[in-house]
Amino acid sequence: MSYPRVSTLKTASDFRTYLDSLNVDLPFDENVESGEQSALGQTFQHSSQSIGNRFCILPMEGWDGTKDGKPTDLTRRRWENFGLSGAKLIWGGEAVAVRHDGRANPNQLLCTEENLGELVALRELLEETHLKHFGTTDDLLVGLQLTHSGRFARPNEKSRLEPRIAYRHPVLDQKFSIEGDDTILSDDELSKLIDDFVVASVRAQKAGYKFVDIKHCHGYLGHEILSGYDRPGRFGGSLENRTRFLREIVSGIRAEAPGLEIGTRVSIFDFSPFEPGEDRIGIPSSQGDYKYAFGGDETGTGIDLTEPQQFMQILRELEIKLVCISCGSPYYNPHMQRPAIFPPSDGYLPPEDPLVGVARQINVTRQIKEANPDMVLVGSGYSYLQEWLPNVGQHAVKNGHVDFVGLGRMVLSYPELPADVIAGEVMKRKKICRTFSDCTTAPRNGIVSGCYPLDPFYKSMPERQQLLEIKKEIS
């Protein structure tokens, strides 16, 4: 099944007509404004902090640190690009593990006392770069995302999964060859991990980060706990128990790191895992009754926001107002979490036009915002929009559907996009992310992540040829 590329939809009429043919509700503005008073260029006042515009850099998972969790030149280059992007909200920079067994790969950054100076240096590099290009950092808010990768931990070898899980999952256990209950984290082990998150948060504050994101998305541990409906004990069953992990981390941070703000990136809804079906087109791995999706309706492919809205109320009670909305997981349903025509090597062809997935995320975020107007919401899923990203993002911000437009993989190929849009510059077509998924295929095959098709730096690396060979074998 093939879908027209977004780049072929040249005019607003073309784009609208195609959206109508899909029966997709994705409103956009025909003309993009520029300047500090534009919808995307305007300041947002959050508590005592002015955030200078409505672009946010989303956290991504690094594959290029050292074995002991320090940044390398590749890591520093990425953070430098975050600084020159012009975005005024940096949501966590990238996922940083709170301890070794929670690393998603053996080269993920690690928040240890030994690495504290390196985390300071990363933040300072980002801020110095931003100051050089934009004249001030007074309106720049930089946080650090803290994580434990849980089911998807690979702390020692890129090829070896060493999962720590919240509960046995019949589909994912089979997909990732997880056998026995010894991988399940006990209540006591989760309590120890809570302490580790608190210690890491104290370090983040010492390193000068203004907030920490307690990661609850994409199938990693925090997110998985939210769907532990059948887990016994203190951390499973009721919503009160399934949010205990977050609530106790927050309580510890308030006591040990007063003044440090807390946010969370959350997969606000989820679907069944998908797998390649006929002609490699994705189909749900679970047919019918599916009870493991937070924000799902138990069909495996539907949404029920009852619990997510209750979760938002819990965040309000915890005095957490910074919330980044995502969905699903890149490991088991990437077409909905990261819409793209071209799948990663371990994925499947999209079962729907990726614009359907984009609209799904944007419209759910709108529903969450409408019910929680006092919360500061960052939206995801925008990169696939390509040339139409500013038009859709501007409409969403202008109409109060979201507060910030989040950019992830787009920043790997086109870090200056926020600055160009606000300045009224024509978008640089050769730098626009076309969602080739190489930034996912590369790390899935043990290669550092980056934009090999469009970033001249990565394009010239020897790993690019290795990646091309891998893709040739897959096709």
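**View 1. Cysteines without a disulfide.** In this predicted model, a search of the whole structure finds 0 disulfides. The view is centred on Cys-327, whose closest cysteine sulfur belongs to Cys-217; because the two sulfur atoms are 10 Å apart, they are too far from each other for a bond, given that a disulfide calls for a pair of cysteine sulfur atoms within 2.5 Å. Cys-327 is also buried, and its relative accessible area is 1%.

**View 2. The surroundings of Cys-433.** Here the closest cysteine sulfur is that of Cys-451, and since 6.3 Å separates it from the sulfur of Cys-433, this pair too is too far apart for a bond. Like Cys-327, which is buried, Cys-433 is buried, with a relative accessible area of 7%.

**View 3. Helix α12 and its cover.** Helix α12 runs through residues 389–398 and is mostly covered, as 9 of its 10 residues are buried. The buried stretch begins with Leu-389, Pro-390, Asn-391, Val-392 and Gly-393, and it goes on through Gln-394, His-395, Ala-396 and Val-397.

**View 4. The packing partners of α12.** Which helices and strands do the buried residues of α12 pack against? The helices are α1 (12–22), α11 (354–371), α13 (410–413) and α14 (417–423), while the strands are β3 (55–57) and β13 (404–407). Just after α12 comes Gly-400, which takes a positive phi of about 70°.

**View 5. The fold around these sites.** The protein that holds these sites has 17 helices and 13 strands, and its C-alpha trace spans about 55 × 55 × 50 Å along the principal axes. A compact globule of 475 residues would have a radius of gyration near 23 Å, so the 21 Å found for the protein agrees with that expectation. Of the 475 residues, 63% are buried, and among contacts with a separation of 6 or more, 71% are between residues 24 or more positions apart.

**View 6. Surface and charge.** The accessible surface of the protein comes to about 17,800 Å², and carbon and sulfur atoms account for 48% of this area. The side chains include 53 that are positive and 66 that are negative, and the centres of these two sets lie 3 Å apart.

Technical notes: Residues are numbered from 1 along each chain as its sequence is written. This is a predicted model: local features need pLDDT of at least 70, side-chain atom pairs count only at pLDDT 80 or more; totals for chains, interfaces and linings use all residues. Side-chain values use heavy atoms; hydrogens and water are left out. Helices (H or I, at least four residues) and strands (E, at least two) are DSSP runs, numbered from the N terminus. The radius of gyration is taken over C-alpha atoms; the globule rule is 2.2 Å times the number of residues to the power 0.38. Buried means under 20% relative accessible area, exposed over 50%, partly exposed in between (1.4 Å probe, protein chains only). Contact means heavy atoms within 4.5 Å. Accessible areas come from the Shrake-Rupley method with a 1.4 Å probe; for residues, only the protein chains shown count as cover. Lys and Arg count as positive and Asp and Glu as negative; His and the chain ends are not counted. The place of a charge is taken as NZ of Lys, CZ of Arg, CG of Asp or CD of Glu.
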